[in-house]
Amino acid sequence: TKLCRRATGRGRCDLLQARPATEFASLNGDVRLLTPGAVEGWSDLVHCPSQRLLDRLVRRYAETKDSGSFLLRNLKDSERMQLLITLAFNPEPLVLQSFPSDEGWPFAKYLGACGRMVAVNYVGEELWSYFNAPWEKRVDLAWQLMEIAEQLTNNDFEFALYLLDVSFDNFAVGPRDGKVIIVDAENVLVADKRLIRQNKPENWDVWYESKFDDCDKEACLSFSKEILCARVTVDHNYYAICQNLLSRHATWRGTSGGLLHDPPADIAKDGRLEALLDECANPKKRYGRFQASKELREYLAQLSNNVR
């Protein structure tokens with residue numbers, strides 16, 4: 001429908017005939033590189049793309065015989081069109097290919113595609129089904145979630161992957177290894193920190209604190225894509241996971257209290273866990289979330305080691 005609207009202004013059309021009238025056609029033929037100007041804003045993945053990110057997407061695109069090259073013109077016309085349409089309408093497989101689980105990224109493993117049908121490995125039950133698991137299990141899962149937030153925010157590749165949709169059904173847990181994996185990567189915005197440092201947009205080096213979103217629906221998040229794209233230090237992932245999964249503000253399917261609800265009496269009495277969760281979800285001090293998320297990660301690690 002979107003393709004037809006772009007090409008003909010109507011919701012129905014012959015896709016093959018309409019394609020030459022879309023912006024995808026201009027990238028066919030002898031275009032050498034996929035460039036930021038051509039695809040910026042097509043989807044969350046390329047809301048603010050760098051050349052480095054686009055080269056990575058093309059080089060790791062799996063549905064071609066000639067993978068490993070970042071040159072767009074090395075793809076067949078049909079492969080190129082498939083890549084572009086995937087990038088615009090369903091970027092999830094490209095996230096899974098560019099940041100693969102084999103290299104330690106916390107995403108489901110991409111297995112392959114047949115046309116527009118994509119296969120990924122089955123991880124296990126959704127995080128939701130662990131809402132009332134034993135306390136020790138929930139502490140371990142919470143620690144892993146905070147580690148994921150840290151890895152996606154700060155990594156050696158200097159790509160920040162911001163999760164724009166964080167809820168209990170977007171994560172799953174491996175039944176054997178107990179590992180938490182992201183199973184819905186459709187709404188991931190990738191910001192290239194190297195590019196931000198290079199271009200130095202206004203306030204690029206000022207730490208950005210996300211605003212707590214006290215809404216009455218499930219899994220709300222407030223964010224500005226423009227700011228995520230323009231700052232090097234952003235607390236969005238910590239905020240999303242604390243607010244929507246771990247803290248007392250997290251609500252899901254009529255259940256509230258978050259993954260770390262009803263702690264044992266000694267932990268509840270100590271009060272440290274609740275204080276860290278509150279400061280991580282809705283900070284009272286300036287830059288409080290950055291500090292609280294770091295301390296929370298350490299505290300959960302300590303608790304789960306004690307448990308183990």
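**Exercise 1.** Determine how many residues of helix α10 are buried.

*Solution.* Helices here are DSSP runs of H or I with at least four residues, strands are runs of E with at least two, and both are numbered from the N terminus. Buried means under 20% relative accessible area (1.4 Å probe, protein chains only). Helix α10 spans residues 236–246, and eleven of its eleven residues are buried. Among them are His236, Tyr238, Cys242 and Leu246.

The model is predicted: local features need pLDDT of at least 70, side-chain atom pairs count only at pLDDT 80 or more, and totals for chains, interfaces and linings use all residues. Residues are numbered from 1 along each chain as its sequence is written, and side-chain values use heavy atoms, without hydrogens and water.

**Exercise 2.** Establish the strand order of the open sheet and identify its edge strands.

*Solution.* Two strands pair if DSSP finds at least two bridges between them. The three strands follow the order β3-β5-β6, with antiparallel pairing. The edge strands, each pairing on one side only, are β3 (125–126) and β6 (180–182). Two bridges join β3 to β5 (residues 171–173) in the antiparallel sense; glutamate 125 has valine 173 in β5 as its bridge partner.

**Exercise 3.** State which element gives the most to the lining of the largest pocket, and classify the lining residues.

*Solution.* The element is α5, with seven residues. Nonpolar residues number 14, polar eight and charged five. In this division Ala, Val, Leu, Ile, Met, Phe, Trp, Tyr, Cys and Pro count as nonpolar, Asp, Glu, Lys and Arg as charged, and the others, Gly among them, as polar.

Key: Buried means under 20% relative accessible area, exposed over 50%, partly exposed in between (1.4 Å probe, protein chains only).
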